[in-house]
Every structure is written in C-alpha cells, then in structure tokens.
Amino acid sequence: MDNSDVTLERMRTFVRVAERGSLSAVAREFGVGQSTVTRHLRELEEAVGVPLLSRTTRRVTLTDEGSRYYANSLQILRLVERAGDEARGTRGAPAGTIRISCTAAFGVLHVSRLTFAFQDRYPDIGIDLSLTDERVDLVREGVDIALRLGPLTDSSMKLRALGQSRRLLVAAPDYLAARGRPAVPQDLSAHEGIRMSNVAGSDTLALQGPSGERHVVPFGGRFRVDHGLAAREALVAGRGIAPAHRWLVDDLLAAGRLEAILPDYSLPHIPLSMLIVPERAGVARVRLLVDFLVGQIGGIPGIGKPQPER
C-alpha cells in the first residue's frame, strides 16, 4: 500500500481512536463493528509505513510517530470540514452533526426544547445531545460544546458565560402543613432536607439575610440524590425542603405544587457556562448553535445576567 490508500475515512477513525483510547468506543460512536475500526487502522499504518498506535489489553496509546501524525491529521480533517461548510454556505444550507454535553436536569427541561427550535430553523443540522452531570473529557468524547453549572477550571476550552442560575428554598404545601414553616434560617435544622450527593458541602446552607447578614446553618435529611429531576420528584412528594434552581421548579411554583421558603433570605447564585472545544469553534454550524443558545438561554426562568468580569 502507499499514500494513495490514506483515505479520510481511515484518518477519521485513527483520530477518534487516538482521542478516545478505545477501539470499541469508536466502533459504537461510528455505528460499525470493532473489526471495521481495526481494519481501518491496519490499512492506514500499512499505507503510512510506521506504527501509529500502541495497543495493550486495556488501552490504546499513540506512538511518537503517531503523535505527529495525529496533529497533522487533525489539521487536514479540519480543513476538509471547513471546505465543506463553505461550499454548503454558498447555498445557505448548513449541515452536519453537532454534539452537545449538558447538565442532565437542565438539558431535559430546557436545552432539549431549544435544540428542537434550532433544528426547525436549520433542518439539515443533526443534534447529538448527551446529558450528564459528570465533567467529561470533551475532546475524547467527541463533544463540540458543553453547558455546565458551577465553577469551571478547564482553561484549554473556550468559555462563554451564559448567566447566573438563581436558587431558592422550596417545599410542598403538604410537607409544610405537617412540619410547619421555617421562620428563620436556624429553624431549618429541625426539618428534613433533600440533599444533592454530588454537590460538595450540601450538609450546610449559606444564606444572606435582608440586611446583608450571612447565615450558615446545618442542613440534614434522610434522602440524598445525585440527579436534579429526582430531587424535584422528592419535593413534590413532600419528602422535605431543598435549595432548588428556579428553572428546575418554576412551573411547580406557578401551579402551587411547591412553595418558597424564607423568601427574604437568598442563596448564592450558580454560574452557568458554555465550553467550546477550540478546534470546533470555527465550524459554521457550531457557531450558529452557540449564537442561538446565547440568545435564548437568558429567557429561561431564573437565569440572570452573567457576573461582570473583574
């Protein structure tokens, strides 16, 4: 074999295996058998004339030659994709797939609806929406953009601040009728709290009073959960009090199924951000979705303006 056998299909397979470190994961991503992935890699290495990957029973890693070939392959594939975007742009029809990773509950209740509206506007663009509260490796998972709640530290990604998610204390009317309504933050210690097990420090609550004073109170309870939608169900079922994002419970408050507790005391806001893989930021369809989401997310209940940079 020679360089004429270096096809884009084989190069794409190699790049994704290098990023994910797993042949089986890439096979699932591409919807092909693992034998097809193995064949693409073998044929590419034969065409190039050097081993590009080192395989063990648990992991696939790049050789020194493979690292250099990966960097060049990535540039080639970006140029090919950009050329396609520009060609399609001349007839006004953006196409292709965008992969999004999003905080689970926020994605179910709000982002999925926004992606429907985006696809109605751009029907040739496919959306692959992955919902997880875990901080995944965006490049390895083939993600273009991610929406995340909370502070972020990944400086290798392009970051867009989308806003501040406002929270409030809520409970069901039946729970309050049975257990009483807290009048001051210290009363919370006598109540059942619904806590998030995947949020650090959920055993205390920090509230700011009407005069700016700070209250830090213990917050306990018999029910802990790692998913916002399950916490929402626990609240409706009258299992206790919880600090909830307004976007998570706004419809339940409007319907009277939940009530606000200690409305004169505020909880710290949580930043909502968009991470964009730098190599994908210039892709036309990704830019379209980024601009669309930036323009729409501010209209979601409880999402305030981003904090100004200092």
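Helices (H or I, at least four residues) and strands (E, at least two) are DSSP runs, numbered from the N terminus. This is a predicted model, in which local features need pLDDT of at least 70 and side-chain atom pairs count only at pLDDT 80 or more, while totals for chains, interfaces and linings use all residues. Residues are numbered from 1 along each chain as its sequence is written, and side-chain values use heavy atoms, with hydrogens and water left out.

**The whole chain**

Begin with the full chain in view. The chain contains 9 helices and 15 strands, and its C-alpha trace spans about 80 × 50 × 40 Å along the principal axes. Of its 310 residues, 43% count as buried, where buried means under 20% relative accessible area, exposed over 50%, and partly exposed in between (1.4 Å probe, protein chains only). The accessible surface comes to about 16,200 Å², and 48% of this area belongs to carbon and sulfur atoms; areas come from the Shrake-Rupley method with a 1.4 Å probe, and for residues only the protein chains shown count as cover. Among contacts (heavy atoms within 4.5 Å) with a separation of 6 or more, 74% are made by residues 24 or more positions apart.

**Helix α1 and a surface patch**

Select residues 8-20, which form helix α1 and include Leu 8. Leu 8 is partly exposed, with a relative accessible area of 37%. Add Ile 76 and Val 80 to the selection: with Leu 8 they make a nonpolar surface patch of about 200 Å². Patches consist of residues with over 30% relative accessible area and no salt bridge, like charges being joined within 9 Å and nonpolar side chains (Val, Leu, Ile, Met, Phe, Trp, Tyr) within 5 Å.

**Salt bridges around Arg 20**

Next, display the side chain of Arg 20. A salt bridge here is a side-chain nitrogen of Lys or Arg within 4 Å of a carboxyl oxygen of Asp or Glu, and the structure holds 13 of them. Arg 20 forms one with Glu 29 (3.0 Å, N to O) and another with Glu 141 (2.8 Å, N to O). The pair of Glu 141 and Arg 20 links distant parts of the chain, 121 residues apart: Glu 141 is in the loop between β4 and β5 (145-149), and Arg 20 is in helix α1. Arg 20 counts as buried at 17% relative accessibility, whereas Glu 29 is partly exposed at 23% and Glu 141 is partly exposed at 33%. Add Arg 16 and Glu 19 to show the network of salt bridges that links them with Arg 20, Glu 29 and Glu 141.

**The six-stranded sheet**

Now turn to the open sheet of 6 strands, whose order is β4-β3-β5-β14-β6-β15 and whose pairing is mixed. The edges are β4 (125-131) and β15 (303-304), each with a single partner strand, so one side of each is left without a neighbour in the sheet. Two strands pair if DSSP finds at least two bridges between them. Select β6 (residues 158-165) and β14 (residues 270-276): these strands run antiparallel and are joined by 7 bridges. Ala 161 stands opposite Ser 273 in β14.

**The three-stranded sheet and helix α8**

A further open sheet has 3 strands in the order β12-β7-β13, with antiparallel pairing. Its edges are β12 (242-245) and β13 (259-261), each with a single partner strand, so one side of each has no neighbour in the sheet. The twist averages 60° from one strand to the next; axes are lines fitted to C-alpha atoms, for helices over the stretch in contact, and angles run from 0 to 180 degrees between N-to-C directions. Strand β7 (residues 167-171) is joined to β12 by 4 bridges, and the two run antiparallel. The bridge partner of Arg 167 is His 245 in β12. Helix α8 (residues 246-254) packs on the sheet, touching β7, β12 and β13, and its direction makes about 100° with that of β12.

Within helix α8, select Asp 250 and Arg 246, which lie 4 residues apart, about one turn of the helix. Their side chains meet in a salt bridge (3.3 Å, N to O). Asp 250 counts as partly exposed at 25% relative accessibility, as does Arg 246 at 30%.

**Glu 192**

Finally, select Glu 192, in the loop between α6 (173-179) and β8 (194-196). Glu 192 is buried, with a relative accessible area of 16%. Not counting residues up to four places away in sequence, Glu 192 touches Tyr 175, Arg 179, Gly 220, Gly 221, Arg 222, Arg 239, Gly 240 and Ile 241.
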